[in-house]
Structures are given as C-alpha cells and as structure tokens.
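Please open the model in your viewer, switch on residue labels, and keep the selection tool at hand. The stops below say what to select next and what is there.

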Amino acid sequence: MSFAEQIRMESEMDWSEQIDVQREQVRTVGGVEPSLNLCMMLINQGKPDGVDEALQTLERLIPKLARLISEECADKLRVPANSPQEVDPKADNQLLQCLYFVSLANYKQGSFEKCIASCDKLLRLLPTHHQATGLKSLAEEGLEKQQIKEGAQLATGLLLTGLGALGIGLLLKGKKSL
C-alpha cells in the first residue's frame, strides 16, 4: 500500500468514538502522550475543524517540548540547549511526533509549503524518518499541482480580460462608424 493510500484510508475510518474517549483522557489525565494521541486521531479523521484543533494543540506543545529536549536535538534544531536536569528522555521522540503531526495536518489542509517546512525541520532531526520523507514528496507534488492550477486560473483571467477589452474596443469602433 502506498503512503498516499494509507493516508486516504485513515481519513475514511470512523474516529468519533475513539476521539471522545481520548478527549476524556486528555481532560482527566493530561500530559503530552494523550494530547499527541488525540491530535493523531483528529488529523486522521480529516475533518477541517478537528485538523485545526490538532494544529492548535500541537503549536502549544512544541514550545513545552523544546524546553525538555536533549542537547543533541537542540543542536540540530539550532536552539539553545537545556541543562541536563531539565531534559526529559521522552521529549525528543515526542517532539518528532509533534513535528510529523504538524506536517500531516498542514498537508490535509492543503498548506503544502508549511508541510514541507515542517518535514524539513523533522528531517533535520532524523534524516531517516520515512514517513516525513514520503509526506514531503506528496506535499511537493501537491504544491506543484496547486501552482499549475493557480497559473491556469491566472491565464484564464488574463485571457478573459483581454477578450473583454477587445469586445469593448470593437463596440467603441462600431459606434464611431455610425
């Protein structure tokens, strides 16, 4: 199964019940893991409001995780390193998940440039992240198609404007000859 097919299949599943259970866990237990799981479910469900909710949650988690990552991870992201007693051994992995989910959410919203930027950040941390590599390729294809479509729309608009101007010119010319 291709990566694109896997993404499509996950969007077609009914995530409603699982999302309700996970929301309750986030509300009662809290923490990064339950929040990441909820975000994954919301993104996979593919509903625009759920993807927006996931993105907002992830954007709040990233700075918290950045304060807990290892020195090696901080170096790769080009951010100040944390003192060893502040480092959480799970934070590096959670940050990778967070960045991947941000990339996936942006892809599902059609924000291909943001998706590519998030994938690049993730691949700077872990160059062998196959999902990020596949998602980046899909986003690059989507961006290319989007640019072609926008170019075609612009060309059509210019053509119609030119035809309209030509029509007005012919009308004015016809009035002068009367």
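Begin by selecting helix H3, residues 32-45, and colour its buried residues, which are Pro34, Ser35, Leu36, Leu38, Cys39, Met41, Leu42, Ile43, Asn44 and Gln45. Bear in mind throughout that this is a predicted model. Because 10 of the 14 residues of H3 are buried, the helix is largely enclosed by the rest of the structure. If you place a distance between the end C-alpha atoms of H3, you should find them 20 Å apart, which agrees with the 20 Å that 14 residues should span at 1.5 Å a residue. Just past the helix comes Gly46, whose phi is positive, near 80 degrees.

**The start of H3**

Now select Val32, which lies in H3 and is partly exposed, its relative accessible area being 22%; the cut-off for buried is under 20%. Which residues does Val32 touch, once those up to four places away in sequence are not counted? They are Leu61, Leu65 and Gln94. The last of these is worth a distance label, since the C-alpha atoms of Val32 and Gln94 are separated by 7.7 Å although the two residues are 62 residues apart along the chain.

**From H3 to H2**

Add helix H2, residues 16-28, to the selection: it packs with H3 at an angle of about 155 degrees, and the axes of the two helices are 9 Å apart. That angle makes H2 roughly antiparallel to H3, and the crossing in which H2 passes H3 is left-handed. To show the interface as sticks, select Ser16, Gln18, Ile19, Gln22, Arg23, Gln25 and Val26 on the H2 side, which meet Pro34, Ser35, Asn37, Leu38, Met41, Leu42 and Gln45 on the H3 side.

Within this interface, centre the view on Gln22, which has its place in H2. Is Gln22 buried or exposed? With a relative accessible area of 7%, Gln22 is buried, and, leaving out residues up to four places away in sequence, it touches Pro34, Asn37, Leu38 and Met41.

**From H3 to H6**

Hide H2 and bring in helix H6, residues 91-108. H3 and H6 pack at an angle of about 20 degrees, with their axes 10 Å apart, and that makes H3 roughly parallel to H6. Their crossing is left-handed. In H3, the residues to select are Val32, Glu33, Leu36, Met40, Ile43 and Asn44, which meet Gln94, Gln97, Cys98, Phe101, Leu104, Ala105 and Lys108 in H6.

**H4, against H3 and H6**

Next select helix H4, residues 48-66, whose buried residues pack against H3 and H6. Those buried residues are Gly50, Val51, Ala54, Leu55, Thr57, Leu58, Leu61, Ile62 and Leu65. Here too the end-to-end distance can be checked: at 1.5 Å a residue the 19 residues of H4 should span 27 Å, and the end C-alpha atoms are 27 Å apart, which agrees.

**From H6 to H7**

Keep H6 and add helix H7, residues 112-125. H6 and H7 pack at an angle of about 160 degrees, with their axes 7 Å apart, and they are therefore roughly antiparallel to each other. The crossing of H6 and H7 is left-handed. Leu95, Leu96, Leu99, Tyr100, Val102, Ser103, Asn106 and Tyr107 in H6 meet Phe112, Lys114, Cys115, Ser118, Cys119, Lys121, Leu122 and Leu125 in H7.

**The nonpolar core**

Now show side chains for the largest nonpolar core, which has 43 residues, those with the most contacts inside it being Leu58, Leu95 and Leu135. The elements that give two or more residues to this core are helix H1 (3-12), H3, H4, helix H5 (71-77), H6, H7 and helix H8 (130-177). Which helix gives the most to this core? The answer is H6, with 10 residues. Zoom in on Leu95, which, apart from its neighbours within four places in sequence, is in contact with Ile62, Leu65, Ile69, Cys73, Leu77 and Leu125.

**The whole chain**

Finally, zoom out to the full protein chain, whose secondary structure comes to 8 helices and 0 strands. Of its 178 residues, 34% count as buried. Among contacts in the chain with a separation of 6 or more, residues 24 or more positions apart account for 54%.

Terms used
Residues numbered from 1 in each chain as written. Predicted model: local features only at pLDDT ≥ 70, side-chain atom pairs only at ≥ 80, totals over all residues. Heavy atoms only, no water. Helix = DSSP H or I, 4+ residues; strand = E, 2+ residues; numbered from the N terminus. Expected span 1.5 Å × (residues − 1). Buried < 20%, exposed > 50% of the residue type's maximum accessible area, 1.4 Å probe, protein only. Core = buried A, V, L, I, M, F, W, Y, C linked by side-chain atoms within 4.5 Å. Contact = heavy atoms within 4.5 Å. Axes fitted to C-alpha atoms, helices over the stretch in contact; angles between N-to-C directions. Parallel < 35°, antiparallel > 145°, perpendicular 65-115°, else oblique. Left-handed = near helix turned anticlockwise from the far one by under 90°.
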